[in-house]
Amino acid sequence: MRKIHFLLSSLVLFILFVSCNNKKLTEVVEVPLPTAEEKVTMGIPDDVTAEEGAFQMERLSYPYDGLNPNISPLTLEMHYSKHYLTYTNNLNKAIAGTELDDLTIEEILSKLDLNDAEIRNNAGGYYNHSLYWKCLGKGSGQPKDTLAEAITKKFGSFAQFTTSFKEEATKQFGSSWSWLIVDKSGNLKITSTQNQDNPLMHNALVQGTPILALDLWEHAYYLDYQYKRKNYVDAFFKVINWKKVGENYEEALKK
Ligand code: MN
């Protein structure tokens, strides 16, 4: 009898144990499986417009996929329709109703109060990006005519210029820009600036008129190249619109 009693007790305990275990199993929180990939919708550059103000966005002469695969459509779209739009709107807001409202962007930059971070960052951001977009395009391999001659005269050859410019860009630390500029004496120079500063500002170590701009902020390349800034710099050289840079050079010489 005792044996039966013991067996029955064991059975009850076993059932209790299993039911508790079952209960535990049913309490496990279910994590939903990932849903289908979100569809990325991309507009067109001409749909992006700044709010009303003194400055408007520089129009792109190529679509968002026009620099692919060197600069991906997603990078270009983010850069143009988010970052550049923000600089433009913030610049307009910062100068609205001030004496800067009627000036050109070059004039604003040259007479800038460097302690005014709002205008310094946004006027720089607006000018720098406007030039960067113009320097890009299908990529025409090498400069021609006057600019080609000037580059050879100054740097020895186009290949040597390319090496020097890439070295300058890859050695920069943090958010910055590298430039090819024309200085007051009409000489070509390679230089760099931090943040959204540029060689038109009176604090620039090397001053002059920029004719080629390379954005080295991470937002310009991180989706495509992550930490490999050098690969982005190499890719940038494949999409430089040298015809436009040549025109910038001839304009700068007139100043
Ligand atoms: Mn940028």
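User: Let's start with helix 4. Is it buried or exposed, and how do I read that?

Analyst: Start with the count: a residue is buried if 20 or more other C-beta atoms lie within 10 Å of its own, exposed if 12 or fewer, and partly exposed in between, with C-beta atoms placed from the backbone. In helix 4, 15 of the 19 residues are buried, so this helix is largely enclosed by the rest of the structure. Keep in mind that this is a predicted model, where local features need pLDDT of at least 70, side-chain atom pairs count only at pLDDT 80 or more, and totals for chains, interfaces and linings use all residues. Residues are numbered from 1 along each chain as its sequence is written.

User: How do helices get their numbers, and what span should helix 4 have?

Analyst: Helices (H or I, at least four residues) and strands (E, at least two) are DSSP runs, numbered from the N terminus. The expected span of a helix is 1.5 Å times one less than its number of residues. For helix 4, residues 117–135, that gives 27 Å, and the end C-alpha atoms are 26 Å apart, which agrees.

User: Which residues does lysine 134 touch?

Analyst: Two residues are in contact if their C-beta atoms, placed from the backbone, lie within 7 Å. Lysine 134 sits in helix 4 and counts as buried because it has 20 C-beta neighbours inside 10 Å. Setting aside neighbours within four places in sequence, lysine 134 is in contact with Glu58 and Lys244. Lysine 244 is 110 residues away in sequence, yet the two C-alpha atoms are 7.0 Å apart.

User: Zooming out, what is the overall pattern of the chain?

Analyst: You'll find 9 helices and 3 strands, following α-α-α-α-α-α-β-β-β-α-α-α along the sequence. Of the 255 residues, 29% count as buried. Among contacts between residues at least 6 apart in sequence, 67% join residues at least 24 apart.

User: Which residues of helix 6 are buried, and where do they point?

Analyst: An α-helix has 3.6 residues a turn, so residues three or four places apart point the same way. In helix 6, the buried residues are Phe161, Phe165 and Ala169. They cover an arc of only 65° around the axis (taken from the directions from the helix axis to the C-beta atoms), which puts them on the same side of helix 6. Their cover includes helix 5 (145–155), strand 1 (176–182), strand 2 (188–194), strand 3 (209–215) and helix 8 (229–238). As for its length, the 13 residues of helix 6 (158–170) should span 18 Å, and its end C-alpha atoms are 18 Å apart, which agrees.

User: How do helix 5 and helix 6 cross?

Analyst: Two packed helices are described by the angle between their axes and the distance between the axes. Axes are lines fitted to C-alpha atoms, for helices over the stretch in contact, and angles run from 0 to 180 degrees between N-to-C directions. Here the axes of helix 5 and helix 6 come within 8 Å and cross at roughly 70°. That makes helix 5 roughly perpendicular to helix 6 (under 35 degrees is roughly parallel, over 145 roughly antiparallel, 65 to 115 roughly perpendicular and the rest oblique). Ala148, Ile151, Thr152 and Phe155 in helix 5 meet Phe158, Gln160, Phe161 and Ser164 in helix 6.

User: At what angle does helix 5 pack with helix 9?

Analyst: Helix 5 and helix 9 (residues 242–254) pack at about 80°, with axes 8 Å apart, so helix 5 is roughly perpendicular to helix 9. Asp145, Thr146, Leu147 and Ala150 of helix 5 make the contact with Val245, Gly246, Tyr249 and Glu250 of helix 9.

User: Where is the cis peptide bond, and which residues have a positive phi?

Analyst: Most residues other than glycine have a negative phi, and most peptide bonds are trans. A cis bond joins asparagine 68 and proline 69, with omega about 5°. Asparagine 68 lies in the loop between helix 1 (2–27) and helix 2 (73–95), and is partly exposed because it has 16 C-beta neighbours inside 10 Å.

As for phi, asparagine 195 has a positive value of about 50° although it is not a glycine; its place is the loop between strand 2 and strand 3. Glutamine 226 also has a positive phi of about 50°, in the loop between helix 7 (222–225) and helix 8. Glutamine 226 is exposed, with 11 other C-beta atoms within 10 Å.
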